[in-house]
Amino acid sequence: MVEARDAAGDAAGAASAVGRLRLGVILPPGEVPVWVLRLLDDIAAGQVAQVVALTRSPATSPVLPALAQYVAEDQARTAEAPDPLALQPLALAAPLSRDLESVGPLDLVLDFGTGAGTELLSPPLGVWSLRFGGERPVPGGQALFREVAQGALHCDLVLLMQPRTGKPVVLSRSTTHVNDRSLWRTAAPVAWKARALVRRALERLHSLGRDAFLADVRASVDQTLPPEPKPVTSAEFTLFRARYLFRRFLVPYVLVRDQWRIGIRRKAAGDPPWGSAAWAKGFRFIEAPPGRFYADPFLFETGGKTFLFFEDWDWAQHYAVISVAEVAQDGTIGPARLALDTGTHLSNPLVFAHEGEIYMIPETLARRRVEVYRAAEFPTQWDLYCLPMEDTDIVDPCVMRETRADGSEGWLMFAAALDFGGSGWDELHIFRADELCGPWQPVGPQPALSDVRCARPGGRMWMKDGVLHRLTQNCAGGYGAGLGLYAVERLDETGYRQRPVAEVNAFDFGMNGVHAYDATDKFEVVDGRHYQAVRGGRNWYWPFPRWFGKH
């Protein structure tokens, strides 16, 4: 159990782990959301904490009837299994006390209810609760509706601790995507992420001990508190409903599909700065053959020639292979040739050389592993070399050779990773290995970053003036909203920090999306998305950005 310490015991307490945490849990009245039930299952199956008491909060104040109807209709129309927001009865393996004050000392209370009455509780580690935006995620509530209605590009998920005295402490936070066409599609990934946030926080508390845990979150987590909730008004809902109906019935986005293409430009002296609108306008985009699209370009130079590797999507097969084409000196791209086909979806073909060999690491999320290929006959024949990671959901892995502070050399990997039910857009995981084939170990607490604006890799990493630079995808407002260039300021066992260098919006390229960039000394490449309508064997481009300027 976590015990209160005096000042003399702080140093020892900061370094020591704690025993199994004793938790009280407050649930909303009635049936319970699936994501909360799964979290309780996680706790019961682990060795970090145990629920020793469980009670119910009072009923919530009803929201606008029209809003409640929309929430139900939207969930019925868009929900996919497993639905984290679905309500199910609570089934306990063994009875639990319903009185939080009669079970002996608690370490903390998890409040999934309305918050009413919790001011009377005073466990040593306070009362923990979540905010989706500024709202508590109670069934029948209005959490995240205002973000959807206002067309916000992103929203905050926050885990709060209300201590015995003083203002709340932000224990963890994540910035996630808002889908401004559907409340369920916005809230469902946030709910799964909330499950992960609570689980990770409990694990870290158990590992570090109370004092070190609280010192760590105060030093590393943004302590900006979420806004105070306020009821949705009839005027707000009426405006939202009008906008929603216009989009659904008058704008024919159901007729279009994402069509990606690759843009290339030759480098020259006096080029505009990276990320500027003038720089973005200099790319010449190449159309894929009918029935296909091209994305995720990577360049590789060898023998005085430049080769372009890319994701080659087939609309009929509904998966992509890796293709390759030679780039002429004037920047024209030759015919595409098949480089790699595994029968499952491939993308993000990072190609690099090491010790006289040429390797490729494509994204192989469909096979739930990371695969390293070695060129048998460059550029069209590749052999599977090793499987450095298996049974994991890794997206866009990007590796590079690094020289460490002690002078030794090894490998560094940045990748997005999916937790159960979550998005692959918003969590960065970082690994190190002595050898390319592993074993790979996480660097510090993971995820290193949970932010839809700048977590997912957007291309190759490089060193500049002794500083690691990385490309990121900005998916706030939608997949492929933009690219960012960041310099890594801190990367060690205690944490990670990056600072922005430049950002570019998809619209600067004259596109509706962009999510990958690569360069050599001679050329630069990006990918870009238009919306393509396909009817009767004919293709044409829908001329407007999605939702008239919003992704």
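Leaving aside its neighbours within four places in sequence, which residues is Phe-132 in contact with? In this predicted model, the list begins with Trp-35 and then takes in Pro-137, Ala-143, Leu-144, Asp-156 and Leu-157. Further along the chain, Phe-132 also contacts Ala-187, Val-190, Ala-191 and Ala-194.

Phe-132 is a good place to start, and here is its setting. The largest nonpolar core has 59 residues, and Trp-128 and Phe-132 are those with the most contacts inside it. Helix α5 gives the most to this core, contributing 11 residues. A second core, separate from that one, has 19 residues, among them Leu-350, Ile-361, Met-413 and Ala-433.

Let us stay with α5 and look at its helix partners. One of them is α2, which spans residues 34–45. The axes of α2 and α5 are 9 Å apart, and the two helices pack at an angle of about 25°. Angles under 35 degrees count as roughly parallel, and α2 and α5 are therefore described that way. The crossing of α2 past α5 is right-handed. On the α2 side, the residues that meet α5 are Val-34, Trp-35, Arg-38, Leu-39, Asp-42 and Ile-43. Their counterparts in α5 are Ala-191, Trp-192, Ala-194, Arg-195, Val-198, Arg-199 and Leu-202. Sorted by class, this contact has nine nonpolar and four charged residues, with no polar ones. You may recognise Trp-35, Ala-191 and Ala-194 here, since they also appear among the contacts of Phe-132.

Now follow the chain from α5 (residues 183–208) to α6 (residues 210–220). The axes of these two helices come within 6 Å and cross at roughly 125°, so α5 and α6 are oblique to each other. Their crossing is right-handed. From α5, the contact uses Ala-201, Arg-204, Leu-205 and Leu-208, while α6 supplies Arg-210, Ala-212, Phe-213 and Asp-216. Five of the residues in this contact are nonpolar and three are charged, and none is polar.

For a last stop, turn to strand β29, which covers residues 523–535 and holds Ala-533. Is Ala-533 buried or exposed? Its relative accessibility is 5%, and because buried means under 20%, Ala-533 counts as buried. Not counting residues up to four places away in sequence, Ala-533 touches Leu-255 and Val-256, as well as Arg-538, Asn-539 and Trp-540. If you would like another reference point, try Pro-349: Ala-533 and Pro-349 are 184 residues apart in sequence, and their C-alpha atoms are 28 Å apart in space.

Methods: Residues numbered from 1 in each chain as written. Predicted model: local features only at pLDDT ≥ 70, side-chain atom pairs only at ≥ 80, totals over all residues. Heavy atoms only, no water. Axes fitted to C-alpha atoms, helices over the stretch in contact; angles between N-to-C directions. Helix = DSSP H or I, 4+ residues; strand = E, 2+ residues; numbered from the N terminus. Parallel < 35°, antiparallel > 145°, perpendicular 65-115°, else oblique. Left-handed = near helix turned anticlockwise from the far one by under 90°. Contact = heavy atoms within 4.5 Å. Nonpolar A, V, L, I, M, F, W, Y, C, P; charged D, E, K, R; others polar. Core = buried A, V, L, I, M, F, W, Y, C linked by side-chain atoms within 4.5 Å. Buried < 20%, exposed > 50% of the residue type's maximum accessible area, 1.4 Å probe, protein only.
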